[in-house]
Amino acid sequence: MNYKRFLLCLLTGYAFASNSVSAYEELQPPHEYDQVSKELVEMLESIHYNRPQIDDTISSKAFDYYIDSLDPTKSFFLKNDIETLSRYKYSFDDALRNGDTRVAYVIYNLFLKRLEKRLLDLQENLPEMVKSFDYEIDETLNGDPETQEWAKTEEQLDDYWRKRIKNRALVLKLNGEDEEKIISTIERRYKNQLKQVDQTNAVDIFQTFANSVTAALDPHTSYFAPRASETFNINMSLSLEGIGAVLQMDDDYTKVVRLVPGGPAATQSELSPNDRIVAVGQEGEPMIDVVGMRLDDVVDMIRGERDTTVILEVTPSKGDTQNSKLISIVRKKVKLEDQSAQKEIVEIERDGETYKVGVISLPTFYSDFEAIQAGDKDYKSSTRDTKKLIEELRKEDIVALILDLRNNGGGSLQEANSLAGLFIPSGPVVQIRDQSGRVTPLGDSDPSITYSGPMAVLVNRMSASASEIVAGALQDYGRALILGDQTFGKGTVQVLKEADKGQLKATQAKFYRISGESTQHKGVMPDILFPSLIDKEEVGESALDNPLPWDKIHETRYPVYWNMPAYLPILEPRHQARMAEDPNFISINDQIDEFKTQIEIYKNLSLKESVRLQQREESTQRELDRENTRREALGLELLTSVDDIEPVEEDTYAKEASEILLDFIATNQMAEQQAANKTAQK
């Protein structure tokens with residue numbers, strides 16, 4: 001666009017954003033970051049996988065991402081504000097390229113003005129507002145920000161806020177809080193938000209602005225300002241010394257992104273990805289509301305001394321999504337051995353015989369780099385440990401093997417490559433394509449095979465990156481049946497580059513299977529699908545904004561050991577027939593239906609107390625009925641309360657995977673016998 005016209009718009013906007021006196025000082029661009037701004041454009045255009053031109057097309061997307069990052073729930077800006085600010089829609093590229101980022105501060109300062117007025121007015125009127133609520137009026141709140149429209153008038157926005165406050169008050173009321181506690185809790189939430197605004201500085205806004213541009217390229221490219229980098233990659237500190245959860249900000253909430261395998265939260269099994277944390281407490285102390293609080297402050301509250309208990313109040317992503325629940329987690333440090341490969345045996349009874357199927361669960365692809373550097377010949381790694389466990393299982397006369405990669409988010413690429421090599425002779429495992437178009441194959445050079453028998457790989461939506469490389473390779477080679485759910489779809493490689501101030505994490509390459517198909521976006525599709533409680537619309541690469549697309553390159557040369565698709569017409573109907581009769585799978589499918597029901601309820605949330613109580617009671621009763629139906633079918637004692645429900649000890653998925661493998665073995669033996677008979681007849 002014409003840069004002089006951009007400056008004219010900018011100066012006009014600056015006056016527009018500064019009309020009134022504010023208790024908060026308007027932020028100005030930090031000029032020491034002018035050079036960083038120019039440097040980011042050069043780096044993005046030269047090293048990003050797509051080698052993009054930062055132009056008006058990118059700017060248009062970046063503008064939308066920036067507005068969304070400031071006001072994701074459409075709670076502060078009016079429709080007229082967005083229309084006025086749209087003059088800057090094609091200015092972001094020029095601003096970053098020329099090191100003149102005033103446009104970001106024009107927009108932010110208007111946002112600050114709107115937020116300050118809204119929250120200060122709310123604090124003044126909140127007690128009276130809450131006391132005036134009539135919880136038997138039949139009205140609803142749209143709980144889905146994706147379908148929420150920008151309010152056209154202050155009156156419309158006032159009503160939207162009234163309903164939001166009423167919903168928060170109703171949730172607290174249904175949780176047993178009295179009116180004074182409701183008022184103080186909600187007041188504290190907005191004081192937290194004002195405090196967060198007060199702590200926001202010009203560098204924070206620069207980072208947000210820069211990341212609106214990087215988000216227009218792909219969701220994994222990000223700029224980290226020096227101070228913010230510590231909080232943005234909070235997974236490195238929190239995941240290894242707290243509850244074992246990766247967190248991020250989502251609107252005013254702290255959201256669980258994923259659980260670290262082997263960590264306290266994953267072991268305890270109540271916390272789930274996409275749960276929102278609304279309050280944090282220490283054992284024996286009152287809960288502290290954290291809605292609107294900075295992420296680093298929430299993290300500090302969750303972390304603590306080992307073997308102490310932290311209590312989280314969360315709004316669950318599954319089940320009853322309208323009401324919060326308390327989860328107690330004992331803080332632990334995640335040790336390497338907690339994440340190491342583990343084995344078990346599933347025994348299946350068929351025709352009076354017992355068959356043993358070995359299961360190796362691998363939470364992550366790991367290698368003890370410190371031990372390697374120290375020269376320890378007995379260092380731990382996922383490949384070494386898996387090989388050892390396979391040898392132990394073979395001594396126990398297993399007839400088949402399951403490699404369980406559920407919830408394995410990846411790890412060492414070298415380990416993924418060498419682990420796949422345990423099941424194939426030397427050959428390619430994955431292809432890596434860089435931004436120049438150069439394709440580099442990575443493979444196993446060891447011709448030995450640790451296990452050559454029938455096997456399956458068990459995956460789910462949280463199986464990502466290195467897990468997808470292994471699953472994809474074993475599927476392409478025809479070495480394993482892939483069972484479970486569509487995997488995450490993380491098929492890109494990022495590198496960290498130092499900037500003048502801070503760092504740029506940029507997507508620089510993509511993974512491709514040996515068949516030529518990318519794992520990006522689409523992930524690995526299982527040969528046989530299992531029902532999943534993880535919503536693909538909310539979790540996975542395809543659920544992120546602006547992911548790089550799936551594509552295909554040339555395949556490499558590789559042998560196919562079993563033609564797995566030829567077996568599926570026999571295996572699939574038997575699998576479906578078993579699931580239809582299995583009480584555990586019936587319960588899982590009912591839970592999925594319940595989850596879908598709760599999502600629809602949340603999209604049009606009733607603010608009538610009697611309706612919410614009825615919905616809660618009906619949901620609770622359905623949960624109890626579902627569990628008792630399962631227990632009755634299994635000959636277990638029935639329960640009288642949902643509080644007595646405990647996680648199912650038996651791994652339903654591993655058991656069914658074992659059944660499928662036995663079907664595969666029987667079918668293969670039959671095919672071999674038929675082939676032998678034909679040969680004999682000749």
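Student: Is Thr487 buried or exposed in this predicted model?
Tutor: Let's start with where Thr487 sits, which is the loop between strand 15 (481–484) and strand 16. Its relative accessibility is 1%, and the cut-off for burial is under 20%. Thr487 therefore counts as buried.

Student: Which residues is Thr487 in contact with, leaving aside its neighbours within four places in sequence?
Tutor: Happy to list them, with those sequence neighbours set aside. One group is Val459, Asn460, Arg461, Ser463 and Glu468. The list is completed by Lys522, Gly523 and Val524.

Student: How are helix 6 and helix 9 oriented to each other?
Tutor: Good one to work through with the axes. Those of helix 6 (residues 102–132) and helix 9 (residues 202–215) come within 10 Å and cross at roughly 105°. Angles of 65 to 115 degrees count as roughly perpendicular. Helix 6 and helix 9 are therefore roughly perpendicular.

Student: How many nonpolar residues are in the contact of helix 6 with helix 9?
Tutor: From helix 6 come Val103, Ala104, Tyr105 and Tyr108, and they meet Ala202, Ile205, Phe206 and Phe209 in helix 9. By class, this contact has no polar and no charged residues, and the nonpolar ones number eight.

Student: And what is the class make-up where helix 18 meets helix 19?
Tutor: Helix 18 (residues 564–581) and helix 19 (residues 583–603) have axes 5 Å apart and pack at an angle of about 85°, so the two are roughly perpendicular. Met579, Ala580 and Glu581 in helix 18 meet Pro583, Phe585 and Ile586 in helix 19. Sorted by class, the contact has no polar residues, one charged and five nonpolar.

Student: Which span should helix 2 have, and how far apart are its end C-alpha atoms?
Tutor: Here we can check a simple expectation. Helix 2 (residues 34–47) has 14 residues, and at 1.5 Å a residue they should span 20 Å. The distance between its end C-alpha atoms agrees, at 20 Å.

Student: What covers the buried residues of helix 2?
Tutor: The buried residues in question are Val36, Ser37, Glu39, Leu40, Val41, Met43, Leu44 and Ile47. Their cover includes helix 5 (92–98), helix 9, strand 2 (222–224), strand 16 (492–498) and strand 17 (503–512).

Student: Which strands stand at the edges of the open sheet of six strands?
Tutor: The order in this sheet is 9-10-11-14-15-18, with mixed pairing. Each edge strand has a single partner strand, so one side of each is left without a neighbour in the sheet. The edges are strand 9 (342–350) and strand 18 (528–529).

Student: In strand 10, what is the bridge partner of Ile345?
Tutor: Strand 9 pairs with strand 10 (residues 353–361) in the antiparallel sense, over nine bridges. In that strand 10, the partner of Ile345 is Gly358.

Student: Over how many bridges does strand 5 pair with strand 7?
Tutor: Strand 5 (residues 276–282) is mostly covered, with six of its seven residues buried. It pairs with strand 7 (residues 309–315) in the antiparallel sense, and Ile277 has Val314 as its bridge partner there. The number of bridges between strand 5 and strand 7 is six.

Student: Which residue takes a positive phi in the hairpin of strand 5 and strand 6?
Tutor: Strand 5 and strand 6 (residues 288–289) pair in the antiparallel sense over two bridges, and Ala279 has Asp289 as its bridge partner in strand 6. Five residues lie between the strands of this hairpin. The residue with a positive phi, near 85°, is Gly284.

Conventions: Residues numbered from 1 in each chain as written. Predicted model: local features only at pLDDT ≥ 70, side-chain atom pairs only at ≥ 80, totals over all residues. Heavy atoms only, no water. Axes fitted to C-alpha atoms, helices over the stretch in contact; angles between N-to-C directions. Helix = DSSP H or I, 4+ residues; strand = E, 2+ residues; numbered from the N terminus. Parallel < 35°, antiparallel > 145°, perpendicular 65-115°, else oblique. Contact = heavy atoms within 4.5 Å. Nonpolar A, V, L, I, M, F, W, Y, C, P; charged D, E, K, R; others polar. Pairing = 2+ DSSP bridges. Expected span 1.5 Å × (residues − 1). Buried < 20%, exposed > 50% of the residue type's maximum accessible area, 1.4 Å probe, protein only.
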